[in-house]
Amino acid sequence: MDASQYVRIFEDTTNTLTLNEAQVRLKDFKTFNNRKLNHKYTYWTVLNLRNDSNEGQSFVMTLGYNSISEVYEIDADNNVTIKKSGYMIPIPERDMIHDGDAKVRMSLNIGEEKTIWIKTKQLDHFKPFIEVGLIPYDVWDKTTDKEDLFEGLFTGILMVLAVLSLVFYYYTKEKFFLYFGIYTLLHALYFFNFYGYINIYFFPEYPLLSQPFWILQILTFSMYFAFARNFLKVKDLMPRWYNFFKLLSNILVFLFIIDSLFILVTNNLYFGIGVKNVTTIICSSIGLVFIFSFLKTKKDQAYFFASASIFLLCTLILISVNFFIIEATYDAIYVQIGILIEVVILALAIGYEVKGRLNESRITQDSLILQFRENERMQIGINQELEENVAERTHKINIQKRELQQAWNQSESATMAKSEFLSVMSHEIRTPLNAIISLTHLMEMENENPDNQEYIDALKFSGESLHSLINDILDYSKIEAGKLELESVDFSIVDLMNKINGSFKFKAESKGIKINLSIGEYTPERLLGDPTRLTQILNNLISNAIKFTIEGSVGLSAHLVGIKDEIATIGFGVADTGIGIPKDKLDDIFENFEQASRETTRKYGGTGLGLAITKKLIDLHSSKINIESTEGQGSIFSFEIDFKLDKDFEVFETAGLQKHKQNLNKAKILIVDDNDMNRLVLKRLFNKWNGEWSEAVSGKEACELADQYKFDLILMDIEMDELDGFETAALIKAKSKLNGNTEIIAMSARGDVEAKSKTEDSSMSDFIRKPFVPDVLLNKVSFVLNSANDKEN
Ligand code: ADP
């Protein structure tokens, strides 16, 4: 029931009128005309209600969409009831809490009469809109139930879509899901506010705060363009639009913020919504232009997008234009339909797009699988080919190997055959040759005719040359065939040297050359080795030396290079003052049948085999020959050979040794070494030097001895099991009462040990490197003993 026709209205331009003052001015109230109302003024309305029916009535009195409506209800007894409504009234004070429309409940008993005074004020710069209606409560209740259901469904659909999109975005990280989600959410929020819920649920005490929700459409457009540019692949198809949309989205967000602030500060919703409506008109038009130009791409998505948006955009334009023409009318139902259509179609479009992408990825997957299979096939092919190649190669290599083996066997048997032949031949030759030489000797003895002597000499020389040549060839071929093995027998090096010296004496003297033999001090007697081969080496060298020396002397020497455990290294030298060897021939002379010059054979005889054999024999001893030579001055051939010390060895004494005899003055020396031979060598040497010794075979034993006896010196091997030399020395220094200050000399073959033993905290006084030379040992021992004596004194 529209009550407006019974309504009279009064404009309070002072905005100060109270109920009583209004009542006094009743005569100034005029008939109702909505159009001329002004938001600056307060309006008073009055109407009478009487229940003429025969039952009590319950109404909802609707008062229009106004900021503040105060209803004064005056009954027959002049009792005044005040009821407040309007969207700017905080929720707790409102008479009815439903949507933003001002309304109050009212009831009239049978025959009851009431005067209703209504004070209306608009705060948001919209024109006041006074519309007094009376709706029976049960009718109102039913319609609002229906409305609530629709509103719930509408916002519900939007919320579901929004949540779904955001979930999809979370999993796919596809931006268009995000934008679509926010877009739908904004629509939902807008209508949530439209239905009054934002105010009721979020800002019940502060209605002003829900006002900016009226302009959410600005943000909605921002998302709309963001969605369009991402979803429709505008970047590839229409890059200019893409950039424009990007800019537009940002501008719209900015505009929304400014407009919201403006509304919150001024409460001028009229202007704020005006801005939104202008924006809506512009954005909708842009949207339409875009849709039509995008349709030209003839993409499926273009049709989807067009059918989704065109209706909504057109409605929005119409409604927004309407705002400026007839002010403040808003036909929400079309917009809601438009939004539903749009959102649902866009959701379908998204589904379509996703399906397309799934297909695409399935296709790519399928093609990948195909590709993979193809690769596999190719791989198998390549493998087969490879295997065939490898098999072929292996076959070839095997053949080559067999051929090589055959060639090797052939050459092996050829060498064998050659040496076999040579040894048989030389043996066969040697027998008659021996006979010739012996007969020559007999002939010489029995010869009385001096004329024959010359022939006999020539015969003898030739026979002997032939003999030595045959011996050489025999040796050489033996070595080459790998048949020659070194012996290891006990021999005296001093005897061997003396014998060689003796055997060449006569020959040398006959040339007027002197042989000087020298054997170094401490050269151990009795070694284990191959005296025959050593003799052969030295013979070759000495015979050359004598042969190539016209005047002067030939030196033959042996000396001890060093002793390390059971190995004594002996150095040999053969020196002469002969013709020397040119530098460029030094390497060649060791080749078989090589001589330094062509004239050699003619002048000196020989075959060029001697040095080749010598070199091979020294090689067999794992050593090498050195040569120093100056043409016209002489040559020195030298080499070193390791011999095992025999247990019964004696140290060769020379006159020089005698002078050291009293040196150690019965000093007490502890020899610590786990090598028996090493201790033996040291013991022999200390015997010679007049020292007294004790021996320990381990660090532990050394410690025990050090606890019992006082020593003048300890000679400590470093590489021992369990306690090594350093540990033993440290223990003795730290624990032994008797020998805490005794000097200790370390012995080792290792360079790093030398460095370590020379550090401050090593407990060592000195270091002797193995292999050692006895003289060096004696010097160090004497020096350490003397300085210890000095310290004591
Ligand atoms: P051969 O002495 O039988 O000729 P070798 O193999 O013993 O063969 O020596 C090779 C060559 O080395 C000699 O011919 C000679 O030219 C040179 N040669 C070897 N020893 C000496 C030496 N002590 N002085 C000078 N030349 C030497």
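## Helices across the sheet

In this predicted model, helix H19 (residues 725–735) lies across strand E19 and strand E20 (743–748). The helix H19 runs at about 150 degrees to E19. Helix H18, made of residues 699–708, lies across E17 and E18. Its direction is at about 135 degrees to E18.

## The five-stranded sheet

The strands that these helices cross belong to an open sheet of five strands, in the order E18-E17-E19-E20-E21, with parallel pairing. Strand E18 (692–696) and strand E21 (766–769) are at the edges; each has a single partner strand, so one side of each is left without a neighbour in the sheet. On average, neighbouring strands of the sheet are turned by 20 degrees against each other, direction ignored.

Strand E17 (residues 668–672) is joined to strand E19 (residues 713–717) by four bridges, and the two run parallel. One residue of this pairing is Leu-670, whose bridge partner in E19 is Ile-714. E17 also pairs with E18 in the parallel sense, over five bridges. Here Ile-671 has Glu-695 of E18 as its bridge partner. In a regular strand, side chains alternate between the two faces of the sheet.

## Helix H17 and Arg-679

E17, H17 and E18 together make a right-handed β-α-β unit. Helix H17 covers residues 676–688 and contains Arg-679.

Is Arg-679 buried or exposed? Arg-679 has a relative accessible area of 7%, and the cut-off for buried is under 20%, so Arg-679 counts as buried. Apart from neighbours within four places in sequence, Arg-679 is in contact with Ile-671, Asp-673, Asp-674, Glu-695, Ala-696 and Val-697. Two of these contacts, Ile-671 and Glu-695, are themselves bridge partners between E17 and E18.

## Nonpolar cores

Nonpolar side chains tend to be buried together in soluble globular proteins. In this model the largest nonpolar core has 71 residues. Which residues have the most contacts inside this core? They are Ile-493, Leu-534, Leu-538 and Phe-572.

Phe-572 touches the other three, Ile-493, Leu-534 and Leu-538, when residues up to four places away in sequence are not counted. Phe-572 also touches Met-497, Ser-557, Ala-558, Phe-637, Ser-638, Phe-639, Ile-641 and Phe-643. Another core, of 68 residues, lies apart from the largest one. Among the residues of this other core are Leu-186, Leu-219, Phe-245 and Phe-256.

Terms used
Residues are numbered from 1 along each chain as its sequence is written. This is a predicted model: local features need pLDDT of at least 70, side-chain atom pairs count only at pLDDT 80 or more; totals for chains, interfaces and linings use all residues. Side-chain values use heavy atoms; hydrogens and water are left out. Two strands pair if DSSP finds at least two bridges between them. Axes are lines fitted to C-alpha atoms, for helices over the stretch in contact, and angles run from 0 to 180 degrees between N-to-C directions. Contact means heavy atoms within 4.5 Å. Buried means under 20% relative accessible area, exposed over 50%, partly exposed in between (1.4 Å probe, protein chains only). A crossover is right-handed if, with the strands pointing away from the viewer, the path from the first strand over the helix to the second runs clockwise. A nonpolar core is a set of buried Ala, Val, Leu, Ile, Met, Phe, Trp, Tyr and Cys residues joined through side-chain atoms within 4.5 Å.
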